[in-house]
Amino acid sequence: MVPGRLPFALGPSPIHGRGAFALAAIPAGTRLIEYAGRRLTPAQADALYPDADAEAPHTFLFAIDDDIVVDAGVDGNEARWLNHSCDPTCDVVIEDRRLWIETVRDIAAGEELTYDYQMTLETRHTPAAKRRFPCRCGAATCRGTMLAKKR
Ligand SMILES: C[S@@+](CC[C@H](N)C(=O)[O-])C[C@H]1O[C@@H](n2cnc3c(N)ncnc32)[C@H](O)[C@@H]1O
Ligand SMILES: [Zn+2]
């Protein structure tokens with residue numbers, strides 16, 4: 001990693017649309033970038049994006065906790081282009097109410113950077129709900145949906 005320079009580039013992804021790809025090998029446990037964006041309350045996010053749970057969700061929302069939602073659609077950065085994978089290369093770490101993308105394993109140059117969105121609906125994750133959020137990550141362990149496993 002070169003200090004001050006992004007360790008990844010954006011490009012077309014086999015998973016979906018645009019994705020982020022490592023420019024060089026990156027070791028496990030490397031902090032790559034902050035998941036930046038304006039900070040909203042859940043009520044503000046619901047009011048601004050009433051359809052976020054509906055048919056074609058494409059917002060850049062990330063809930064930090066019950067009080068703060070980060071909206072990377074405004075004041076966001078390149079972190080918002082990471083796609084979801086059920087066998088991800090990265091994780092999102094919450095530290096002092098900020099979000100950071102970190103690698104969870106060694107990554108080869110050119111590999112796509114992903115994390116597990118673990119999307120959660122307030123309603124039950126029925127088979128129909130899972131089909132509304134299909135996953136195309138291609139991992140052997142793909143669960144077929146971007147929705148999280150509800151316990
Ligand atoms: C934050 S964007 C990621 C960037 C996106 N690839 C793009 O070009 O806009 C999140 C959206 O990308 C799509 N996406 C990300 N990962 C996916 C996956 N594993 N399978 C299917 N769609 C995915 C979904 O539409 C999701 O709502
Ligand atoms: Zn998957």
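**Exercise 1. The chain as a whole**

In what order do the elements of the chain run from the N terminus on? Describe the overall build as well.

*Solution.*
Step 1. The model is predicted.
Step 2. Count the elements: the secondary structure comes to 2 helices and 10 strands.
Step 3. Read them off from the N terminus: β-β-β-β-α-β-β-β-β-β-β-α.
Step 4. Test the compactness. The radius of gyration is 15 Å, close to the 15 Å that the globule rule gives for 151 residues, so the chain is as compact as a globular protein of that length.
Step 5. Add the extents. The C-alpha trace spans about 40 × 35 × 30 Å along its principal axes.

**Exercise 2. Surface and contacts**

Work out what share of the residues is buried, and what share of the contacts joins residues at least 24 apart.

*Solution.*
Step 1. Buried means under 20% relative accessible area. Of the 151 residues in the chain, 38% are buried.
Step 2. Turn to the accessible surface. The chain exposes about 8,800 Å², and carbon and sulfur atoms hold 52% of that area.
Step 3. Take contacts between residues at least 6 apart in sequence. Of these, 67% join residues at least 24 apart.

**Exercise 3. An open sheet**

Establish the strand order of the open sheet of 3 strands, and the direction of its pairing.

*Solution.*
Step 1. The general rule comes first. Strands of a sheet pair through backbone hydrogen bonds, either parallel or antiparallel.
Step 2. Here the order is β3-β9-β8, and the pairing is antiparallel.
Step 3. Find the edges. β3 (31-34) and β8 (90-95) each have a single partner strand, so one side of each lacks a neighbour in the sheet.
Step 4. Give the twist. On average, neighbouring strands of this sheet are turned by 30° against each other, direction ignored.

**Exercise 4. The hairpin of β8 and β9**

Characterise the pairing of β8 with β9. Then locate the residue with a positive phi in this hairpin.

*Solution.*
Step 1. β8 and β9 (residues 98-103) run antiparallel and are joined by 6 bridges.
Step 2. Name partners. Val-93 has Trp-100 in β9 as its bridge partner. Ile-94 stands opposite Leu-99 in β9.
Step 3. Go to the turn. The hairpin has 2 residues between the strands, and Asp-96 takes a positive phi near 50° there.
Step 4. Check the setting of Asp-96. Its place is the loop between β8 and β9. Its relative accessible area is 70%; the cut-off for exposed is over 50%, so Asp-96 is exposed.

**Exercise 5. A positive phi in another loop**

Where does Asp-75 lie, and is Asp-75 buried or exposed?

*Solution.*
Step 1. Phi of Asp-75 is near 60°, positive although the residue is not glycine.
Step 2. Asp-75 lies in the loop between β6 (69-71) and β7 (83-84).
Step 3. Its relative accessibility is 61%, so Asp-75 counts as exposed.

**Exercise 6. Cysteines**

How many disulfides does the chain hold? Classify Cys-135 and Cys-142 by accessibility.

*Solution.*
Step 1. A disulfide is a covalent bond between the sulfur atoms of two cysteines.
Step 2. The cut-off is a pair of cysteine sulfur atoms within 2.5 Å. The count comes to 0 disulfides.
Step 3. Cys-135 has 11% relative accessibility, so Cys-135 counts as buried.
Step 4. Cys-142 has a relative accessible area of 28%, so Cys-142 is partly exposed.

How values were computed: Residues numbered from 1 in each chain as written. Chains lettered and ligands numbered in written order. Predicted model: local features only at pLDDT ≥ 70, side-chain atom pairs only at ≥ 80, totals over all residues. Heavy atoms only, no water. Pairing = 2+ DSSP bridges. Helix = DSSP H or I, 4+ residues; strand = E, 2+ residues; numbered from the N terminus. Axes fitted to C-alpha atoms, helices over the stretch in contact; angles between N-to-C directions. Rg over C-alpha atoms; globule rule 2.2 N^0.38 Å. Buried < 20%, exposed > 50% of the residue type's maximum accessible area, 1.4 Å probe, protein only. Contact = heavy atoms within 4.5 Å. Areas by Shrake-Rupley, 256 points an atom, 1.4 Å probe, with all protein chains shown as cover.
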